[in-house]
Every structure is written in structure tokens, then in C-alpha cells.
Amino acid sequence: MSVRVGIHDLAVATTGYVVELDDLAAAMGVDPAKYRTGLGQDQMSVPAPDEDIVTMAAAAAGPIIDTHGADRIRTLFLATESGVDQSKAAALFVHQLLGLPSTCRVVELKQACYSATAALQAAADMVARRPDDQVLVIASDVARYELETAAEATQGAGAVAMLVAADPAIAEIEPTAGVFTAEVDDFWRPNDSATAVVDGQLSIFAYRDGVLGAWDDYQARGGVPIDQIDRFCHHQPFTKMAAKALRWLASHTGAGLRPPLIEVSTRYNRRLGNSYTASLYFALAAVLDADDDLTGRRIGMFSYGSGSVSEFFTLLVCEGYRAHTRGAATEELLAARRPIDIAGYRALHAAATNLGSGDDVSVPQESSGPFHFTGISGRARQYRADAPRP
Ligand code: COA
């Protein structure tokens, strides 16, 4: 008999600062409606100097470990575009900060905004083979583009942690998936650059090819008809993309797909901005937290990572899932962010993009999250937990 495998718990984290995109519009001399309506973005999360993908990843996963313990976690996958080292997996810092067992394999995955989906699928297959094991999948990213470019308004930051297990409490990952890969220079980040290089308009075309290509492969592999999908979560570099993707799918399939199928999925991302690998899973969190009761219903998930790899797969929402969601905590995190003006945010951006590893630096605590980047010593990054775990 096959094992039901899926998301057993899900928790999120973001940064200590937030920028109002109306302020950025004023600084850029553009109509604020371009960001609010044209891109579908209201705010963006901005990291303090003591925050990065490691501190957000650990903060997202902490509540999951507190709830379930770590004894059964045999693998930790950390998916990110914004890695902090060319060799060492950021997951190792997270493993230490969370006090995970040494009997745990740990690795980082990279493919622009896509790799969390590869991690989730690999985790599901591992658990299907060894149902007593659990896998912790964390997507964590800081989206940084050059200042005073069209892409500046589509930055952001956040992390989503998911515990993958047999007999999940939240959502089962259905086995059928469609994938589409095509080499394209729409977005990348050279090893010597702290900001992404992007051809924005090309990235939108490449995303469109990815949605349709992954959907066609999903159908060819025996996926369910489109009218059996009750909600869609699409990767949201800016939330308007979710609406575009729905329209493309509607005209490609001839189905009457209406905006309510994606509306709730944009709720967190409108306020976070782009969180790259985490963005799709923030869309999922919003639907689980704030949509109608979706017990027994199917969610279509479209993952896109520039460069490019796309995947379409589905989740079946479990009975009783609402008792395991963390919507109130997520709203608190978003509300707790401190507003920062454009000059302050741009100074943080410059400091982060100029941070090298050549000199020892000490970074004072500035954020109120549970984990902190404390600086560089002997070229190695240093972290601290407010409440160290055993
Ligand atoms: N009021 C309302 N909407 C407005 C507006 C206004 N005053 N001014 C412009 N808009 C709309 C445009 O019509 C457009 O909407 P549409 O795409 O539905 O036609 C939208 O705002 C964006 O305007 P546009 O001029 O195309 O944007 P841009 O040149 O500033 O670039 C991105 C937008 C997304 C390409 C750019 O921010 C970027 O490169 N981001 C990073 C890459 C990315 O996120 N790619 C996504 C796929 S991974």
C-alpha cells in the first residue's frame, strides 16, 4: 500500500524592517499605482545588518522543532538563491542554531527561485521510502537588485520551513508533476555580484513558457483535469504575476479560471515582496491560513526559477489542517516589522552588497528575531541564537 506523504507543518519568518513602496515610488518619481496595481506590491521586507538567509531560515524552522522535536529529522534541505558561501551549505549554520542531531544529512540547493520545489519533491520521495523519517525543507532568500532600476521595487525577503512526513496533517503532495526546463538568460547572479542581473521583460516571457510547458507535461503524465483544481499558487516575484499566470493557463486550456482562484495566495507576498524560493510557499501559507475551508480540495502549485526550471504539481488539503496552521503568528511577524525610510533602506542595501570576508567585523544586534548574524572572524561567518538549543 502506498504511503501518504506531504507537508506536516509549515512556519515562516521575515526581516525586522519594512519599506513602503509608496515611499520608493516617490523616491523614484513614479506613480505609486504602478507598484500597487501594476506590480501588485504594497511593501517589501528588508533585512537588518544582523539578518540574512540563515537567521530567517532558523527562525522559520524553530517553531516546527519546538512542536515536533528533531528526533525523526534525517535530512535538512535549505533552498536559496542568496547563499552566504560558495562552498559551505547555509544549512549547516541552521543545523547548529536549531540544535539538530548530528545524525542528519544537510545540504543546500540552488536554482534561482525554483530549488525549494526540487527539495520538497526529493523530501517526499525519501519519506515514501522510509516513512519513519522526516525531512525539514527550508526556503530562505533575500532578493536584491541594483538600486534605481526597474527591478528595485521587486525586492523582498522571507523564509518558509516545511516538515515533510508520512500521514501529514496539512497537505498531501500528489505524485504526479509536470516539469519544463529551458536554458535562458533572464535572471542570474555571477559569483562576484551581490545583486542579480535581470532582463525583466524576458523573465516574464520565460515564466510564461514555464507555466504552459509544465502544465502540458503535467497533463501528459496523467495529471487531473484543470477543473479538478480548486486553488492555484503561482511563484510570485511580484503578485501581479499570479494573475498573469492564471490568464495564460485559462487561454491555453480554454478553462474559465477566475481571479478568486488566486486572490488569497497574494496576501503575504504583497507585503513581503519577492522572497525567491520562499515566495511560492508564502502563497501556499496565505491560502492555508486565510482562504475558505479547503479540506479535501486540491491546490495547484506552479514553481518557476529563472534560468529556467518550472514545475507544476498538486497538493490535497488534509482534514483538520486548520488546527495546524500558523496564520496569527505570521500576521504578528508582518506587523512587528519596523518601517524604514528610503535613505535608511538604501544604506542597508549598500552595506550588504559591499560586505566582504577579508576583514574581521563585528555586527551588533539590531533585529528582534531569535537568531543573529554577529559578524566575520577569520573569513568565517558567525551566528548566535538568543536561546541556544541543546
Ligand atoms: N498605474 C497602474 N499600472 C501601471 C502604471 C500606473 N501608473 N504604470 C505602469 N503600470 C503597469 C504596467 O502596465 C505593467 O502592467 P502589465 O504587465 O500588466 O502590462 C506593470 O505596471 C509593470 O510596468 P512595466 O513598465 O512593464 O514595468 P517595468 O519596466 O518597471 O518592469 C519588471 C517590471 C517586473 C519587469 C521589473 O520590476 C523587473 O525586472 N523585476 C525583476 C524581475 C522579475 O521579477 N521577473 C518576473 C519573472 S521571474
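In this predicted model, the N-terminal end of helix α3 is capped by Asp52, with a side-chain oxygen of Asp52 placed 2.8 Å from the backbone nitrogen of Val54. Helix α3 covers residues 53-68, and its 16 residues should span 22 Å at 1.5 Å a residue; the C-alpha atoms at its ends are 23 Å apart, which agrees with that expectation. The helix has a kink of about 30° at Ala61, shortly before the proline Pro63. After α3 comes Gly69, which has a positive phi near 75°.

Of the 16 residues of α3, 12 are buried, so the helix is largely enclosed by the rest of the structure. The buried set begins with Ile53, Val54, Thr55 and Met56, and continues through Ala57, Ala58, Ala59, Ala60 and Ala61; Gly62, Ile64 and Ile65 complete it. Ala61, where the kink lies, is thus itself among the buried residues. Val54, whose backbone nitrogen is approached by the Asp52 side chain, is also one of the buried residues.

Another residue of this helix, Ala59, can be placed relative to strand β7. Ala161 is located in β7, and the C-alpha atoms of Ala161 and Ala59 are separated by 8.9 Å, although the two residues are 102 residues apart along the chain. Ala161 has a relative accessibility of 0% and therefore counts as buried, the cut-off being under 20%. Ala166 is also found in strand β7. Its relative accessible area is 16%, so Ala166 is buried under the cut-off of 20%. Between Ala166 and Ala243, which are 77 residues apart in sequence, the C-alpha to C-alpha separation is 33 Å.

Helix α5 comprises residues 115-129. For its 15 residues a span of 21 Å is expected at 1.5 Å a residue, and the end C-alpha atoms are 21 Å apart, in agreement. Buried residues in α5 are Ser115, Ala116, Thr117, Ala119, Leu120, Gln121, Ala123, Ala124, Met126 and Val127.

The ligand is surrounded by 18 residues, of which Asp31, Lys34, Ala150, Ser203 and Lys244 come nearest. Three side chains place an N or O atom at short range from a ligand oxygen. For Lys34 the distance is 2.6 Å, for Lys240 it is 3.0 Å, and for Gln201 it is 3.4 Å. Taken alone, the ligand exposes 970 Å², and 70% of that area is buried by the protein. Two or more residues of the surrounding shell are given by each of the elements α2 (32-39), α6 (200-220) and α7 (240-253). Helix α2 supplies the largest share, 4 residues. By character, the shell consists of 9 nonpolar, 5 polar and 4 charged residues.

Several loop residues have unusual backbone geometry. Gly307 and Ser308 are joined by a cis peptide bond, with omega at about -5°. Ser308 lies in the loop that runs between β12 (298-305) and β13 (309-317). Glu148 is not a glycine, yet its phi is positive, at about 60°. This residue, Glu148, belongs to the loop between β6 (134-143) and β7 (156-166). With a relative accessible area of 60%, Glu148 is exposed, because the cut-off is over 50%.

A positive phi also occurs at Arg379, a residue other than glycine, where the value is near 70°. Arg379 is situated in the loop between β16 (371-377) and β17. The relative accessibility of Arg379 is 60%, so Arg379 counts as exposed. Strand β17 itself, residues 380-385, contains Arg384. At 33% relative accessibility Arg384 counts as partly exposed, because this class lies between the limits of 20% and 50%. The C-alpha atoms of Arg384 and Leu246 are 43 Å apart, and 138 residues separate the two along the chain.

Definitions and conventions:
Residues numbered from 1 in each chain as written. Predicted model: local features only at pLDDT ≥ 70, side-chain atom pairs only at ≥ 80, totals over all residues. Heavy atoms only, no water. Expected span 1.5 Å × (residues − 1). Bend = angle between axes of the 7 residues up to and from the residue. Buried < 20%, exposed > 50% of the residue type's maximum accessible area, 1.4 Å probe, protein only. Polar contact = N/O pair within 3.5 Å; in protein donor to acceptor, adjacent residues only side chain to side chain. Near = heavy atom within 4 Å. Areas by Shrake-Rupley, 256 points an atom, 1.4 Å probe, with all protein chains shown as cover. Nonpolar A, V, L, I, M, F, W, Y, C, P; charged D, E, K, R; others polar.
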